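Colleague: Hi! Could you walk me through this one before I start working with it?
Modeller: Sure, happy to. Here it is.

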Amino acid sequence: MKKLTSLFCFLALALLVTTPALALTASESARMKRDEFRVRLATIRDEKKKAIVERIDQNIVKINTNRTAIMLRHLTKIEEILGRIETRTNSLASSGKDVTAVRTAITKAREAIAAARTAVNAQAVKTYTIDITTETNLGSAVSAARTAFAKDLSAAHQTVVTARKAVRDVLKELAKVVGEKLTTTSED
Amino acid sequence: MKLKTAGLLIASSLLLGACSYLKPAATTTAPQTITPTPAVSVSPTSTNLKDLDTELNATIDDGGAADLKQLQKDAQGL
């Protein structure tokens, strides 16, 4: 019985000690990684290389902030355009035109815009840390962070392209109802 | 004598200042080539199909491809 109590106490203590570590939030983990990056960056002896790594690290943050802000601005504009398309659709419907296909396309476009907004917002809060191990591996460490960032940013941008295409599909359906022809774009 | 020393000091300071002013830029450049959204000359409330299409096309951009390319270029010094 005494042994069992000791074991229970030990397990409880172990749980108490490990819980704070397990409860690390994503932001805390990211902050710790940043701190580690700072420490490792300071160990680089080649000042020129150190400056390049530091600059790339800062630019990844800047580019991510600026590009995701632009994407969100474009999504707002795309959504606003869709709103006006809907107004025109309603006006055509009230004059007796069949706008079923347009309304279906509008629903799809709204979903695409919502998905893009979610993806871009998620991208905006992402952080990328250059994993410095040795001075000789700086190139590959920077390349890994840069490649991961480029892949993620392109994926987020692609969702905006998809949303825009979905709105253009609505326009095409509306053009059929009205009997007008749209000019082709680079994304068609 | 003092005047000569002071003159020399001023001249060398000026020379140093000019040198630091003319110093070439750092090897890496800030890749902030953000393409502004093209200005669209249509009514912001128009429901005309062509206007809507023009406004929609104005939201097309490279998605940061130029910035990423610059980032890659900057990393070449490693």
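Modeller: Let's go through confidence, the fold of chain A, its core and the contact with chain B.

Colleague: Great. What is the mean pLDDT of chain A?
Modeller: This is a predicted model, and the mean pLDDT of chain A is 89. In that chain, 86% of residues reach 70 or more.

Colleague: And where is confidence lowest in chain A?
Modeller: In helix α1 of chain A, residues 2–22, with a mean of 53. The highest confidence in chain A is in α4(A), at 98. Where pLDDT is low, the predicted coordinates should not be read in detail.

Colleague: Noted. How many helices and strands does chain A have?
Modeller: Chain A has 5 helices and 0 strands, so from the N terminus on the order of elements is simply α-α-α-α-α.

Colleague: How do α3(A) and α5(A) pack?
Modeller: α3(A), residues 47–94, and α5(A), residues 138–178, have axes 10 Å apart and pack at an angle of about 10°. Because angles under 35 degrees count as roughly parallel, α3(A) is roughly parallel to α5(A).

Colleague: Which residue classes make up that contact?
Modeller: Between α3(A) and α5(A) there are 23 nonpolar, 5 polar and 5 charged residues.

Colleague: Switching topic: how many residues are in the largest nonpolar core?
Modeller: That core has 44 residues. A:Ala109, A:Ala163, A:Val167 and A:Val170 have the most contacts inside it.

Colleague: Which elements give two or more residues to this core?
Modeller: From chain A, α3, α4 (100–124) and α5; from chain B, α2 (49–57) and α3 (65–74). α5(A) gives the most, with 14 residues.

Colleague: What does A:Val170 touch?
Modeller: Leaving out residues up to four places away in sequence, A:Val170 touches A:Leu82, A:Ile85, A:Val102, A:Ala105, A:Ile106 and A:Ala109. A:Ala109 is also one of the residues with the most contacts in the core.

Colleague: What percentage of chain A counts as buried?
Modeller: 29% of its 188 residues. As for contacts in chain A with a separation of 6 or more, 75% join residues 24 or more positions apart.

Colleague: Last topic: how many residues does each chain put into the contact between chain A and chain B?
Modeller: Chain A puts in 41 residues and chain B 27. On the chain B side, α2 and α3 each supply at least two residues, and α2(B) has the largest share, 6 residues.

Colleague: And by class, what is on that side of chain B?
Modeller: The side of chain B that touches chain A has 12 nonpolar, 10 polar and 5 charged residues.

Conventions:
Residues numbered from 1 in each chain as written. Chains lettered and ligands numbered in written order. Predicted model: local features only at pLDDT ≥ 70, side-chain atom pairs only at ≥ 80, totals over all residues. Axes fitted to C-alpha atoms, helices over the stretch in contact; angles between N-to-C directions. Helix = DSSP H or I, 4+ residues; strand = E, 2+ residues; numbered from the N terminus. Parallel < 35°, antiparallel > 145°, perpendicular 65-115°, else oblique. Nonpolar A, V, L, I, M, F, W, Y, C, P; charged D, E, K, R; others polar. Core = buried A, V, L, I, M, F, W, Y, C linked by C-beta atoms within 7 Å. Buried ≥ 20, exposed ≤ 12 C-beta atoms within 10 Å, placed from the backbone. Contact = placed C-beta atoms within 7 Å. pLDDT = per-residue confidence, 0-100.
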